[in-house]
Amino acid sequence: LLVNLLAGAVVAPLGEELMFRAFATTAWTASLGARRGLIRGALFFAVVHVLTISGSDASDALAMAVVGFASRIPVAIALGLVFQRRRSVWASVGLHAAFNGILIVLGEAALRSGA
């Protein structure tokens with residue numbers, strides 16, 4: 001659990017927020033405007049998070065990728081809005097870390113309960 005929390009709630013959010021918000025969203029916002037930069041950054045975040053999804057066959061993998069993509073869009077928009085409004089990558093890192101940490105703890109609790 002501690003290793004998963006370190007990787008998923010500390011390392012990943014820091015690296016991802018630097019890449020997706022501090023670099024990509026900032027660049028797109030500068031050239032396209034705040035709204036378009038936010039949307040493009042969110043789409044980029046969602047696409048990257050489903051690139052390695054696999055399944056038992058192509059249709060299974062595609063279905064999981066579509067669900068994974070769609071479920072990450074609201075998260076990515078929230079992270080982008082926090083980044084833009086607070087004007088700080090640390091705000092989006094904190095939100096991302098909290099989100100991932102909660103998911104990791106809930107997943108661990110489900111595994112331990114046999115669910």
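**Figure 1. Arg-87, an exposed residue in the loop between H3 and H4.** Arg-87 is exposed, with a relative accessible area of 78%. In this predicted model, Arg-87 sits in the loop between H3 and H4. Take a moment over its backbone: Arg-87 is not a glycine, yet its phi is positive, at about 55 degrees. Most residues other than glycine have a negative phi. The two helices on either side of this loop are helix H3 (58-86) and helix H4 (89-113), and both return in the pocket view below.

**Figure 2. The whole chain, for orientation.** Before the other close-ups, here is the setting. The protein chain has four helices and zero strands, and reading along the sequence gives the pattern α-α-α-α. Taken along the principal axes, the box filled by the C-alpha atoms is roughly 50 × 35 × 20 Å. Of the 115 residues in the protein chain, 30% are buried. Among contacts with a separation of 6 or more, 63% are between residues 24 or more positions apart.

**Figure 3. The largest pocket and its lining.** This view opens onto about 210 Å³ of space in the largest pocket. Which elements give two or more residues to the lining of the largest pocket? They are helix H1 (2-32), helix H2 (34-50), helix H3 (58-86) and helix H4 (89-113). To find your way around the lining, look for Ala-12, Glu-16, Phe-45 and His-49, then Ser-71, Arg-72, Val-75 and Leu-79, and finally His-96, Phe-99, Asn-100 and Leu-103. Sorted by class, the lining has six nonpolar residues, four polar residues and two charged residues. Keep an eye on two of these lining residues, Phe-45 and Leu-79: Phe-45 belongs to the ring cluster in the next view, and Leu-79 is one of the residues touched by Ser-92.

**Figure 4. Aromatic rings between helix H1 and helix H2.** Three aromatic pairs are present in the structure. In one of them, the ring centres of Phe-20 and Phe-44 are 5.1 Å apart and the planes are at 70 degrees, so the pair is edge-to-face. Because Phe-20 is in helix H1 and Phe-44 in helix H2, this pair ties together parts that are 24 residues apart in sequence. Are these two rings buried or exposed? Phe-20 is buried, at a relative accessible area of 4%, while Phe-44 counts as partly exposed, at 26% relative accessibility. Phe-44 also pairs with Trp-28: their ring centres are 5.7 Å apart and their planes are at 85 degrees, so this pair is edge-to-face too. Trp-28 lies in helix H1 and Phe-44 in helix H2, so the pair ties together parts that are 16 residues apart in sequence. Trp-28 counts as partly exposed, with 23% relative accessibility. Step back a little, and ring pairs link Phe-20, Trp-28, Phe-44 and Phe-45 into a cluster.

**Figure 5. Ser-92, a buried serine in helix H4.** Ser-92 is part of helix H4. How much of Ser-92 is accessible, as a relative area? The value is 0%, so Ser-92 counts as buried. Follow the side chain of Ser-92 to the backbone oxygen of Val-89, which it reaches at 3.0 Å. Leaving out residues up to four places away in sequence, Ser-92 touches Glu-17 and Arg-21, along with Leu-79, Val-82 and Phe-83.

**Figure 6. Met-64 and its contacts.** Met-64 is located in helix H3. With a relative accessible area of 37%, Met-64 is partly exposed. Which residues is Met-64 in contact with, leaving aside its neighbours within four places in sequence? They are Ile-53, Ser-54 and Gly-55. For a sense of scale, compare the position of Val-10: the C-alpha atoms of Met-64 and Val-10 are separated by 26 Å, and the two residues are 54 residues apart along the chain.

**Figure 7. Leu-111, an exposed leucine in helix H4.** Our last stop, Leu-111, lies in helix H4. At 64% relative accessibility, Leu-111 counts as exposed, whereas Ser-92, also placed in helix H4, is buried. A distance closes the tour: 36 Å separates the C-alpha atoms of Leu-111 and Phe-23, which are 88 residues apart along the chain.

Key
Residues are numbered from 1 along each chain as its sequence is written. This is a predicted model: local features need pLDDT of at least 70, side-chain atom pairs count only at pLDDT 80 or more; totals for chains, interfaces and linings use all residues. Side-chain values use heavy atoms; hydrogens and water are left out. On a 1 Å grid over the protein atoms alone, a cavity is a set of points where a 1.4 Å probe fits but cannot get out, and a pocket is an open set with protein on both sides within 12 Å along at least five of seven lines; lining residues have an atom within 4 Å of a point. Grid points are joined across faces, edges and corners, and a volume is the space filled by probe spheres set on the points. Ala, Val, Leu, Ile, Met, Phe, Trp, Tyr, Cys and Pro count as nonpolar, Asp, Glu, Lys and Arg as charged, and the others, Gly among them, as polar. Buried means under 20% relative accessible area, exposed over 50%, partly exposed in between (1.4 Å probe, protein chains only). A polar contact is a pair of N or O atoms within 3.5 Å; within protein, one must be able to donate a hydrogen and the other to accept it, and residues adjacent in sequence count only if both atoms are side-chain atoms. Contact means heavy atoms within 4.5 Å. Rings of Phe, Tyr and Trp (its six-membered ring) pair if their centres lie within 6.5 Å; planes under 30 degrees apart count as stacked, over 60 as edge-to-face and the rest as tilted.
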